[in-house]
Amino acid sequence: MVIGGISIWAGVTFLFLHAARHRREAWPAEKAGALIAWGGVAFPTVVLLLLLGYAVWLMPAIRPWNPLAAKDGAIEVTGEQFWWRIRYPAVGDQPAFETANEIRLPVGRPATFSLKATDVIHSFWIPALGGKMDMIPGRTNYLTLTPTRTGSYRAPCAEFCGASHAYMAFSVIVMEEDDYNAWRRRLINGQASAANEGGQLLQRHGCVGCHSLRGLQVAGQTAPDLTLIGARLSIGAGALANTPENIARFIRSPSSVKPGAKMPAFNMLPEDDIEEIARYLGGLK
């Protein structure tokens with residue numbers, strides 16, 4: 001881009017200086033037209049076409065046309081108002097599983113994402129790792145990124161999607177291979193205790209009608225999966241830090257944290273029940 005920009009700037013500057021210098025006789029129209037056509041049209045067009053060709057050549061590194069095998073092993077990310085549904089594919093003897101609002105990846109290994117949307121257009125973007133890709137209802141787009149260093153990164157929705165667009169983000173945690181495999185096993189094997197008072201309250205107050213939580217009898221499919229939610233960096237798709245106090249705040253009045261959130265307020269519950277549920281969820285690690 002710098003080389004192309006400098007080339008066009010140099011060409012335009014040359015034309016300006018050439019046209020401005022003093023002459024005894026006026027230029028004929030044919031000569032002036034040829035100068036404009038070659039210097040003002042043909043030269044910039046050739047430079048811009050070369051830049052376009054270079055950008056297209058780079059695209060496989062940013063958005064590859066993957067073979068079916070890579071697409072079959074993609075991490076499925078679905079944008080919803082206003083959270084992210086994450087489904088990891090089966091790997092070897094490890095079954096597929098679902099989580100929400102947080103993606104964990106092994107460092108140095110390409111990760112292919114299958115991107116969808118259920119309601120409106122969202123946009124998947126991890127600024128520290130690569131380019132963005134729209135998530136369009138009724139369509140599946142694919143994006144492959146390769147994390148090269150460990151760390152935690154924030155990933156916002158990059159397409160206006162409603163009242164809580166600014167509060168729709170997810171965390172990306174890039175880990176060493178062994179740590180990533182241990183996390184997968186822990187999440188797959190994580191089981192909530194139905195005998196625990198917090199688990200009983202979740203079922204009694206109907207939370208599991210929308211949310212899923214491995215180990216409980218009822219598993220809703222319309223809201224984020226809560227398995228090991230206490231290990232996530234944030235709650236509410238990046239809206240709040242993950243603390244029992246913030247979990248309780250979200251339970252009482254989700255719309256005060258995220259305008260337009262589909263989860264109803266549960267401020268009618270006894271305060272002791274809200275705090276017990278918040279402690280229970282915060283301890284699922």
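**Exercise 1. The second largest pocket**

Find the volume of the second largest pocket in this predicted model, and say which residues lie closest to its centre.

*Solution.*
Step 1. The second largest pocket holds about 280 Å³ of space.
Step 2. It is lined by 15 residues, and those closest to the centre are Gly-73, Ile-75, Arg-109, Pro-110 and Tyr-180.
Step 3. Now look at the elements. β4 (102-106), β5 (111-117) and α4 (177-189) each supply at least two lining residues. α4 gives the most, with three residues.
Step 4. Sort the lining by class. Nine residues are nonpolar, four are polar and two are charged.

**Exercise 2. The largest pocket**

Which element gives the most to the lining of the largest pocket?

*Solution.*
Step 1. Start with the space: the largest pocket has about 740 Å³.
Step 2. Go to the centre. Of 36 lining residues, His-211, Ala-223, Pro-224, Phe-250 and Met-263 are the closest to it.
Step 3. List the elements that give two or more residues: β11 (234-235), α6 and α8.
Step 4. Pick the top one. α6 gives the most, with three residues.
Step 5. Check the classes. The lining of the largest pocket has 22 nonpolar, nine polar and five charged residues.

**Exercise 3. Two helices that cross**

Describe how helix α6 and helix α8 are placed against each other.

*Solution.*
Step 1. Locate them: α6 covers residues 244-252 and α8 covers residues 271-282.
Step 2. Their axes come within 8 Å and cross at roughly 130°.
Step 3. Name the arrangement. Angles of 65 to 115 degrees count as roughly perpendicular and those over 145 as roughly antiparallel, so α6 is oblique to α8.
Step 4. Give the hand: the crossing is right-handed.
Step 5. Find the contact residues. On the α6 side they are Pro-244, Ile-247, Ala-248, Ile-251 and Arg-252. On the α8 side they are Glu-271, Ile-274, Glu-275, Ile-277, Ala-278, Leu-281 and Gly-282.
Step 6. Class them. Eight are nonpolar, one is polar and three are charged.

**Exercise 4. Two backbone exceptions**

Is the peptide bond between Gln-81 and Phe-82 cis or trans, and is phi of Asn-101 positive or negative?

*Solution.*
Step 1. Recall the usual case: most peptide bonds are trans, and most residues other than glycine have a negative phi.
Step 2. Read omega. It is about 0° between Gln-81 and Phe-82, and the bond is cis.
Step 3. Place Phe-82: it sits in the loop between β1 (75-80) and β2 (83-88).
Step 4. Read phi of Asn-101. It is near 65°, a positive value.
Step 5. Place Asn-101: it lies in the loop between β3 (97-100) and β4.

Technical notes. Residues numbered from 1 in each chain as written. Predicted model: local features only at pLDDT ≥ 70, side-chain atom pairs only at ≥ 80, totals over all residues. Heavy atoms only, no water. Axes fitted to C-alpha atoms, helices over the stretch in contact; angles between N-to-C directions. Helix = DSSP H or I, 4+ residues; strand = E, 2+ residues; numbered from the N terminus. Parallel < 35°, antiparallel > 145°, perpendicular 65-115°, else oblique. Left-handed = near helix turned anticlockwise from the far one by under 90°. Contact = heavy atoms within 4.5 Å. Nonpolar A, V, L, I, M, F, W, Y, C, P; charged D, E, K, R; others polar. 1 Å grid on protein atoms, 1.4 Å probe; cavity = no way out; pocket = protein on both sides within 12 Å on 5 of 7 lines; lining within 4 Å. Points joined across faces, edges and corners; volume = space filled by probe spheres on them.
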